Amino acid sequence: MRPINDAHVAKPGLAVVEIAAADDQTAFAVQELLATRCAVAAADRTIHEPGEPGVRLRCYLDLRQQP
């Protein structure tokens, strides 16, 4: 995955969350769960790194805003 950009964590309340899961369905379910609690810049696809198990998904959270 690409490095995390400083702007994504520049202020209190901003966070980057990487989800590792066995499959796409599970990764998107976790992202959906996070979206019920805070504002999320949602990912639309997962990434599979060759030689690593499962998939990864990165989303950006803003805890300062309601979903």
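Start by selecting Cys59: in this predicted model, Cys59 is buried, with a relative accessible area of 0%. Keep Cys59 highlighted, since we'll come back to this residue in a moment.

**Stop 1: the two cysteines**

Now add Cys38 to your selection. Is Cys38 buried or exposed? Cys38 is buried too, with a relative accessible area of 5%. With both side chains shown, try drawing a distance between the two sulfurs. For Cys59, the nearest cysteine sulfur is that of Cys38, and the gap is 8.0 Å. A disulfide needs the two sulfur atoms within 2.5 Å, so this pair doesn't count as one. Cys38 is in no disulfide, Cys59 is in no disulfide either, and the count by this rule comes to zero.

**Stop 2: the nonpolar core**

Leave the cysteines on and select the rest of the group they belong to. Which residues make up the largest nonpolar core? There are nine: Ile19, Ala21, Ala27, Cys38, Ala43, Val55, Leu57, Cys59 and Leu61. Colour them all one shade. Two strands, β1 (14–21) and β3 (55–62), each supply at least two residues of this core. The biggest giver is β3, with four residues. If you're wondering about the general pattern, nonpolar side chains in soluble globular proteins tend to be buried together.

**Stop 3: around Val55**

Stay with the core and click on Val55, one of its members. What is Val55 in contact with, once you leave aside its neighbours within four places in sequence? The list runs Ile19, Ala20, Ala21, Ala22, Asp23, Asp24, Ala27, Thr46, Ile47 and His48. Show those as sticks and turn the view slowly around Val55.

**Stop 4: the whole chain**

Time to zoom out and switch to the cartoon view. You should find one helix and three strands. Trace the chain from the N terminus, and the elements run β-α-β-β. The C-alpha atoms fill a box of roughly 35 × 25 × 15 Å, taken along the principal axes. Of the chain's 67 residues, 22% count as buried. Look also at how the chain meets itself: among contacts between residues at least 6 apart in sequence, 57% join residues at least 24 apart.

**Stop 5: the surface**

Finally, turn on the surface. The chain exposes about 4,800 Å², with carbon and sulfur atoms supplying 53% of it. Now colour by charge. How far apart are the mean positions of the positive and negative charges? With 7 positive and 9 negative charges in the chain, those mean positions are 8 Å apart.

Note on methods
Residues are numbered from 1 along each chain as its sequence is written. This is a predicted model: local features need pLDDT of at least 70, side-chain atom pairs count only at pLDDT 80 or more; totals for chains, interfaces and linings use all residues. Side-chain values use heavy atoms; hydrogens and water are left out. A nonpolar core is a set of buried Ala, Val, Leu, Ile, Met, Phe, Trp, Tyr and Cys residues joined through side-chain atoms within 4.5 Å. Buried means under 20% relative accessible area, exposed over 50%, partly exposed in between (1.4 Å probe, protein chains only). Contact means heavy atoms within 4.5 Å. Accessible areas come from the Shrake-Rupley method with a 1.4 Å probe; for residues, only the protein chains shown count as cover. Lys and Arg count as positive and Asp and Glu as negative; His and the chain ends are not counted. The place of a charge is taken as NZ of Lys, CZ of Arg, CG of Asp or CD of Glu.
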